[in-house]
Amino acid sequence: MTQLDFGYTLLIWALISLFPAAFIRIFNQDPELLAAAVPALQIYFFGFFMMTFQFSGQSVFKSLNKAKLAIFFSLLRKAIIVVPLTLLLPHVAGLGMKVVFLAEPVSNFVGGLACYITMRLTVMPELSAMERAKSAR
């Protein structure tokens with residue numbers, strides 16, 4: 001994981017968390033929409049910095065010609081995690097529609113960590129073996 005990725009996602013998350021209304025006003029000035037959109041945006045972008053793990057894992061998989069894993073983790077985060085959560089969360093404990101926005105941060109945490117941990121568990125042993133073979137020559 002690069003520090004630049006983490007810094008970028010942390011900066012964007014902080015800006016959106018601290019100044020959500022400024023970002024919404026870029027597209028719409030309606031006070032009612034602004035009042036509804038601010039909490040939704042803060043929920044949706046909560047945990048955005050966790051995307052760093054997804055970026056890192058998928059970049060490594062693509063770079064090492066493991067495109068199937070990169071595609072799988074992309075689909076895992078959006079299709080396998082976000083879609084079911086978007087459909088199920090409104091019905092859990094009467095939480096209503098506002099919790100639909102929770103699907104994104106949950107997918108960032110779960111999908112991002114799953115991708116990164118899998119990358120570390122599959123790629124690091126290969127790299128270590130290559131390093132040992134190289135130093136044995």
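Start with the whole chain, coloured by accessibility if your viewer does that: of the 137 residues of the protein, 32% count as buried. Keep in mind that this is a predicted model.

Now switch to cartoon. You should find 6 helices and 0 strands, so reading from the N terminus the elements go α-α-α-α-α-α. Turn the model about and look at its outline. Along the principal axes, the C-alpha atoms fill a box of roughly 70 × 30 × 20 Å. The radius of gyration is 19 Å, while a compact globule of 137 residues would have one near 14 Å. If you have a contact map to hand, open that too: among contacts between residues at least 6 apart in sequence, 67% join residues at least 24 apart.

**First stop: α4 against α6**

Select residues 51-63, which is helix α4, and residues 103-136, which is helix α6. Their axes lie 7 Å apart and the packing angle is about 40 degrees. Look at the pair face on and you'll see α4 passing α6 in a left-handed crossing. Next, show side chains where the two meet. On the α4 side, pick Met 51, Phe 53, Gln 54, Ser 56, Gly 57, Gln 58, Val 60 and Phe 61. On the α6 side, the partners are Asn 108, Gly 111, Gly 112, Leu 113, Cys 115, Tyr 116, Thr 118, Met 119, Thr 122 and Val 123. Colour these by residue type, and the contact splits into 9 nonpolar and 9 polar residues, with no charged ones.

**Second stop: α4 against α5**

Keep α4 on screen and swap α6 for helix α5, residues 67-88. How do α4 and α5 run relative to each other? Their axes cross at roughly 155 degrees and come within 7 Å. Angles over 145 degrees count as roughly antiparallel, so that is how α4 and α5 are arranged. The crossing is left-handed here as well. From α4, bring up Met 51, Gln 54, Gln 58, Phe 61 and Lys 62; from α5, bring up Ala 67, Leu 69, Ala 70, Phe 73, Ser 74 and Arg 77. This contact comes out as 6 nonpolar, 3 polar and 2 charged residues.

**Third stop: Thr 52 and Asn 65**

Zoom in on Thr 52, which sits in helix α4. Is Thr 52 buried or exposed? With a relative accessible area of 0%, Thr 52 is buried, because the cut-off for that is under 20%.

Then move 13 residues along the chain to Asn 65, and draw a distance between the two C-alpha atoms: 20 Å. Asn 65 belongs to the loop between α4 and α5. Its relative accessible area is 69%, so Asn 65 counts as exposed. Check the backbone while you're there: Asn 65 has a positive phi of about 60 degrees although it is not a glycine.

**Last stop: Glu 104**

Finish back in helix α6, at Glu 104. Turn on the surface around this side chain. Glu 104 is buried, since its relative accessible area is 9%. What does Glu 104 touch, leaving aside residues up to four places away in sequence? Select Tyr 44, Arg 77, Lys 78 and Val 82, and you have the set. You've already met Arg 77, on the α5 side of the contact with α4.

Key:
Residues are numbered from 1 along each chain as its sequence is written. This is a predicted model: local features need pLDDT of at least 70, side-chain atom pairs count only at pLDDT 80 or more; totals for chains, interfaces and linings use all residues. Side-chain values use heavy atoms; hydrogens and water are left out. Axes are lines fitted to C-alpha atoms, for helices over the stretch in contact, and angles run from 0 to 180 degrees between N-to-C directions. Helices (H or I, at least four residues) and strands (E, at least two) are DSSP runs, numbered from the N terminus. A crossing is left-handed if the near helix is turned anticlockwise from the far one by less than a right angle, and right-handed if clockwise. Contact means heavy atoms within 4.5 Å. Ala, Val, Leu, Ile, Met, Phe, Trp, Tyr, Cys and Pro count as nonpolar, Asp, Glu, Lys and Arg as charged, and the others, Gly among them, as polar. Buried means under 20% relative accessible area, exposed over 50%, partly exposed in between (1.4 Å probe, protein chains only). Angles under 35 degrees count as roughly parallel, over 145 as roughly antiparallel, 65 to 115 as roughly perpendicular and the rest as oblique. The radius of gyration is taken over C-alpha atoms; the globule rule is 2.2 Å times the number of residues to the power 0.38.
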